[in-house]
Amino acid sequence: MSKVLFLAVVVAVVAAGVPANAAAPAASPANPLLAPWSGPYGGVPPFGAVRVEHFKPALEAAMAEQLKEIDAITANPAKPDFANTIAALERAGRTLNRVGAIFGVFSSTMSTPDFQAVESEMAPKLAAFGDQITQNEKLFARVAAVYDSRGTLNLTPEQKRLVWLDYTGLVRAGAKLDKPAKDRLTAINQRLASLFTSFSQNLLADETDYVLVLDKEADLAGLPDSLRQAAAAAAESRGHKGKWAILNTRSSMEPFLTYSDRRDLREKVWRTYYNRGDNGDAHDNNKIITEILKLRAERAKLLGYQTHAHWRLENTMAKTPERAMELMEAVWTPAVARVHEEVADMQALADKEGAKITIEPWDYRYYAEKVRKAKYDLDENAVMPYLQLEKLREGMFWAAGELFGFHFTQVKDAPVVQPDIRVWKVTDAAGKLVGLWYFDPYARPGKGSGAWMNAYRNQERFDGAVPTIVSNNTNFVKGKPGEPILISWDDATGLFHEFGHALHGLNSSVEYPSLSGTSVPNDYAEFPSQLMENFLSTPEVLNRYALHYQTGKPIPKELVERLDRAAKFNQGFKTVEYLAGAIVDMKLHLAATPDKDIDPDAFERQALAELGMPKEIVMRHRTPQFGHIFAGDGYSAGYYAYLWSDTLAADAWEAFKEAPGGPWDKDVAKRLHDHVFSVGNTIDPADGYRAFRGRDPGTAALMRKRGFPVAPKVAAPTPATQQ
Ligand SMILES: [Zn+2]
């Protein structure tokens with residue numbers, strides 16, 4: 001999981017965006033956000049000089065500047081052509097891109113209350129700015145003129161694709177509508193923005209307000225020491241010193257349900273967590289969802305699409321909801337069959353222990369853990385001493401060297417926003433500068449949880465070569481000076497995943513910045529990162545970099561083999577809890593109409609019953625708490641994207657496994673670079689994949705990866721090519 005897409009959306013809003021009122025106050029010339037980035041490496045972000053009060057005047061000035069740039073394009077008396085319209089658009093908004101990049105860093109990693117106040121004030125202004133550009137009739141007329149004459153303009157394939165993306169992007173945003181329809185569209189977008197905010201705030205309130213305080217040692221039965229300590233600290237910080245608090249968040253709920261011997265408390269924690277946003281109180285999200293679904297359906301109709309899902313998927317690799325559903329349904333059946341096997345294993349174990357229970361949803365994680373221990377004898381605590389954060393970072397650098405010829409050198413001449421952040425210069429095999437990689441590893445107040453990649457500057461070369469600047473962000477707890485930070489296998493996998501996004505950015509070799517690096521459709525963006533996860537478990541990386549922090553010895557082979565075997569364990573549960581959500585997401589957005597009130601709870605119940613949802617599992621995100629799809633448009637009708645990308649990643653990994661050189665085969669790595677990692681969005685993803693693999697992707701590799709039987713007639717993600 002990554003925030004790369006979420007951040008891309010935030011930055012895209014900022015980057016696409018213009019102020020609702022053009023009377024922006026003049027910014028002080030001393031505002032460091034407005035100056036071009038100076039210093040080495042093609043200029044670096046002026047993190048050291050930025051203060052929160054710089055953002056508002058800088059954003060307003062940058063939006064005003066971009067509006068003037070757009071005006072200059074539309075006022076040009078010359079006939080619209082690629083250079084004076086499309087390339088000029090690529091050049092517009094550079095100041096806002098720079099300010100927006102740093103605004104995004106503060107939003108995700110330095111979010112103090114004074115910054116949040118600026119963010120709340122600026123978010124609607126930035127949204128309105130976006131509508132102002134997409135609804136600019138003169139601009140659309142010029143872009144359309146270039147699009148109509150694209151056959152006679154002698155354009156390169158990359159230029160043709162950029163013209164097509166600019167034109168269809170404006171059309172998709174409503175550029176062809178008449179005035180009343182445009183006004184209605186703007187009203188819908190503004191109402192949706194408020195509903196998204198309310199949805200998130202309700203969810204946050206339910207996660208913050210519901211805390212289970214335990215006051216007896218006996219209530220902690222089964223919990224490992226680390227969890228007890230975390231629960232004690234959580235209680236103390238909430239004014240319950242000497243007690244233990246279980247928070248209503250995934251990172252508290254999951255370990256509690258995995259280890260607690262107290263079935264009554266497991267049920268309580270489970271019910272509280274899965275009822276977030278669904279308690280019939282002031283923070284209930286059901287009515288909000290009903291309204292969002294209606295407005296999205298109305299917007300899709302206004303724009304000429306059958307449903308919101310058809311609108312959202314048009315510019316993805318899947319292209320249509322039907323193709324996405326086909327893949328999900330193909331994986332659904334074997335995943336459910338696997339769940340029945342997993343439940344049978346757990347029930348047998350519970351019976352053997354004399355538990356006298358039938359497995360319920362709040363028992364799944366608990367008994368799954370017991371089965372895992374019994375079947376694979378795998379204890380997380382035996383693996384962690386070999387997983388030192390800094391050694392694994394060196395392992396990622398080594399892998400990037402083998403695959404792409406990159407070399408990493410730490411530098412001290414790039415300012416950082418916080419002293420724990422380090423910066424590396426990345427060069428290619430010829431010693432030429434490729435870009436910078438910022439690493440922000442530790443948790444701190446004001447920094448979002450989880451792990452993600454972010455690009456501060458996209459690679460481009462149409463106006464002279466500009467190297468990219470990318471960052472990886474994680475939330476490890478900072479250790480004592482000189483002590484290694486030991487991380488879990490899951491976190492090590494996550495580290496390689498995010499580094500995969502970074503390498504997607506660093507390998508970019510395109511002309512135009514809006515086509516650069518990770519600027520690809522959602523269902524393709526997770527492919528490079530999910531593929532990169534595989535390189536962690538290669539013997540070459542493990543033997544060199546998974547070293548015991550005390551003895552320096554590499555991780556034992558038999559431990560790796562146990563990890564490997566356990567990788568397929570519990571895939572029924574993981575696949576079904578994810579896929580149920582992805583299918584309900586798609587069905588909701590296919591079923592919604594502008595005038596039908598959908599009751600989310602009833603819809604969810606009926607859809608799951610039709611699917612044959614195993615009664616021992618619930619959706620990973622139940623509808624009233626499904627932030628991916630109701631806290632913004634980003635992943636709406638798009639939660640399937642993770643499965644789509646994983647299908648590609650599994651299929652691509654088999655290309656390496658089949659090659660003479662295995663994971664480090666130079667020919668496969670070169671094809672991966674040439675057709676996937678370097679091309680950004682300059683070609684259709686389906687064409688890029690086909691050029692890399694020599695054929696379209698199939699689902700067999702995904703089935704093998706998850707340990708499901710490979711059906712002979714499984715639908716493959718083979719999208720139609722776009723023009
Ligand atoms: Zn990701």
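**Exercise 1. Pick out the residues that aspartate 633 is in contact with, leaving aside its neighbours within four places in sequence. Then work out where aspartate 633 sits and whether it is buried or exposed.**

Step 1. Leaving out neighbours up to four places along the chain, aspartate 633 is in contact with Phe196, Arg296, Arg299, His308 and Arg312. Keep in mind that you're looking at a predicted model.

Step 2. Take one of those partners, arginine 296. Its side chain and the side chain of aspartate 633 make a polar contact at 2.9 Å.

Step 3. Now the location: aspartate 633 is in the loop between helix H24 (627-630) and H25.

Step 4. The relative accessible area of aspartate 633 is 18%. Buried means under 20%, so aspartate 633 counts as buried.

**Exercise 2. Check the length of helix H25 (residues 641-658) against what its residues should span.**

Step 1. Helix H25 has 18 residues, and at 1.5 Å a residue they should span 26 Å.

Step 2. The end C-alpha atoms of H25 are 26 Å apart, so the two values agree.

Step 3. While you're there, look at how covered H25 is: 16 of its 18 residues are buried.

**Exercise 3. Do the same for helix H2 (residues 55-74), then list its buried residues.**

Step 1. H2 has 20 residues, and the expected length at 1.5 Å a residue is 28 Å. From first C-alpha to last, H2 reaches 28 Å, close to that expectation.

Step 2. The buried residues of H2 are Phe55, Ala58, Leu59, Glu60, Ala61, Ala62, Met63, Gln66, Leu67, Ile70, Ile73 and Thr74.

Step 3. Here's a rule to hold next to that list: an α-helix has 3.6 residues a turn, so residues three or four places apart point the same way.

**Exercise 4. Which residues coordinate the zinc ion, and how are its donors spaced along the chain?**

Step 1. Find the metal. The zinc ion is coordinated by His497 (NE2), His501 (NE2) and Glu526 (OE), at 2.1 Å.

Step 2. Along the chain, these donors follow the spacing H-x3-H-x24-E.

Step 3. Place two of them: histidine 497 is in helix H18 (residues 489-506), and glutamate 526 is in helix H19 (residues 522-533). The pair therefore ties together parts that are 29 residues apart in sequence.

Step 4. Check how covered they are. Histidine 497 has 2% relative accessibility and counts as buried. Glutamate 526, with a relative accessible area of 1%, is buried as well.

**Exercise 5. What does threonine 134 touch, not counting residues up to four places away in sequence?**

Step 1. Start with the address: threonine 134 belongs to helix H5 (residues 113-134). Its relative accessible area is 17%, so threonine 134 is buried.

Step 2. With residues up to four places away set aside, threonine 134 touches Leu170, Ala173 and Ala175.

Step 3. Look at alanine 175 in particular. Threonine 134 and alanine 175 are 41 residues apart in sequence, and their C-alpha atoms are 6.1 Å apart in space.

Step 4. Finally, a polar atom of the threonine 134 side chain lies 3.2 Å from the backbone oxygen of aspartate 131.

**Exercise 6. In what sense do strand E1 (residues 211-214) and E2 pair, and are the faces of E2 covered or bare?**

Step 1. E1 and E2 pair in the antiparallel sense, over four bridges.

Step 2. For a detail of the pairing, valine 213 stands opposite alanine 245 in E2.

Step 3. In a regular strand, side chains alternate between the two faces of the sheet.

Step 4. Strand E2 (residues 244-247) has Trp244 and Ile246 on one side, with Ala245 and Leu247 on the other. These residues are all buried, and both faces are covered.

**Exercise 7. Compare lysine 356 and asparagine 570: what is phi for each, and is each residue buried or exposed?**

Step 1. Lysine 356 isn't a glycine, yet its phi is positive, about 55°. Asparagine 570 isn't a glycine either, and it has a positive phi of about 65°.

Step 2. Lysine 356 is in the loop between helix H14 (321-352) and helix H15 (364-376). Asparagine 570 is in the loop between helix H21 (557-566) and helix H22 (571-591).

Step 3. Lysine 356 is exposed, with a relative accessible area of 79%, whereas asparagine 570 counts as buried at 14% relative accessibility.

Definitions and conventions:
Residues are numbered from 1 along each chain as its sequence is written. This is a predicted model: local features need pLDDT of at least 70, side-chain atom pairs count only at pLDDT 80 or more; totals for chains, interfaces and linings use all residues. Side-chain values use heavy atoms; hydrogens and water are left out. Helices (H or I, at least four residues) and strands (E, at least two) are DSSP runs, numbered from the N terminus. The expected span of a helix is 1.5 Å times one less than its number of residues. Buried means under 20% relative accessible area, exposed over 50%, partly exposed in between (1.4 Å probe, protein chains only). Donors are N, O and S atoms within 2.8 Å of the metal (3.2 Å for Na, K and Ca); water is not among the atoms, so sites may look incomplete. Contact means heavy atoms within 4.5 Å. A polar contact is a pair of N or O atoms within 3.5 Å; within protein, one must be able to donate a hydrogen and the other to accept it, and residues adjacent in sequence count only if both atoms are side-chain atoms. Two strands pair if DSSP finds at least two bridges between them.
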